[in-house]
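Trainee: I'm new to this one. Could you walk me through the words people use for it?

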Amino acid sequence: MKIYQYLASGKPIVSYPVADAECFSDVIYLANDRNEYIELVGRSLNESLDDPKVALRKEYARQNDWGIKIEKFCKLISDLASQSIC
């Protein structure tokens with residue numbers, strides 16, 4: 001998903017609360033209407049690089065890196081393969 005690339009930059013993201021975006025509500029800004037969207041864009045433009053949300057976004061993206069997902073998948077397959085079926 002493209003959102004992980006945006007999160008990896010640490011930059012703020014403003015979105016409407018669509019289903020996919022709501023899963024990221026702890027690391028992105030969600031606006032319920034036009035006025036709130038404009039307000040949140042302004043807030044995000046003024047966000048400092050020292051803001052803890054920057055590091056949180058980067059960490060969230062790191063945890064969802066394809067390499068990590070592949071490692072988890074391989075471990076799951078390995079664990080399943082080592083279990084007795086009978």
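Mentor: Sure, we'll take a few terms and check each against its definition. This is a predicted model, where local features need pLDDT of at least 70, side-chain atom pairs count only at pLDDT 80 or more, and totals for chains, interfaces and linings use all residues. Residues are numbered from 1 along each chain as its sequence is written, and side-chain values use heavy atoms, leaving out hydrogens and water.

Trainee: What makes Arg57 and Glu47 a salt bridge?

Mentor: A salt bridge needs a side-chain nitrogen of Lys or Arg within 4 Å of a carboxyl oxygen of Asp or Glu. Arg57 and Glu47 meet at 2.7 Å, N to O. Arg57 sits in helix H4 and Glu47 in the loop between H3 and H4, 10 residues apart. Helices here are DSSP runs (H or I, at least four residues), numbered from the N terminus.

Trainee: How do you know whether Arg57 is buried or exposed?

Mentor: Buried means under 20% relative accessible area, exposed over 50%, and partly exposed in between, with a 1.4 Å probe and protein chains only. Arg57 has 1%, so Arg57 is buried. Glu47, at 15%, is therefore buried too.

Trainee: And why is Glu39 called partly exposed?

Mentor: Because its relative accessibility is 48%, Glu39 counts as partly exposed. Its salt-bridge partner is Arg43, at 3.1 Å. Arg43 has 42%, so Arg43 is partly exposed. Both lie in helix H3 (residues 34-45), 4 residues apart, about one turn of the helix.

Trainee: How many salt bridges does the structure hold?

Mentor: The structure holds 4.

How values were computed: Helices (H or I, at least four residues) and strands (E, at least two) are DSSP runs, numbered from the N terminus.
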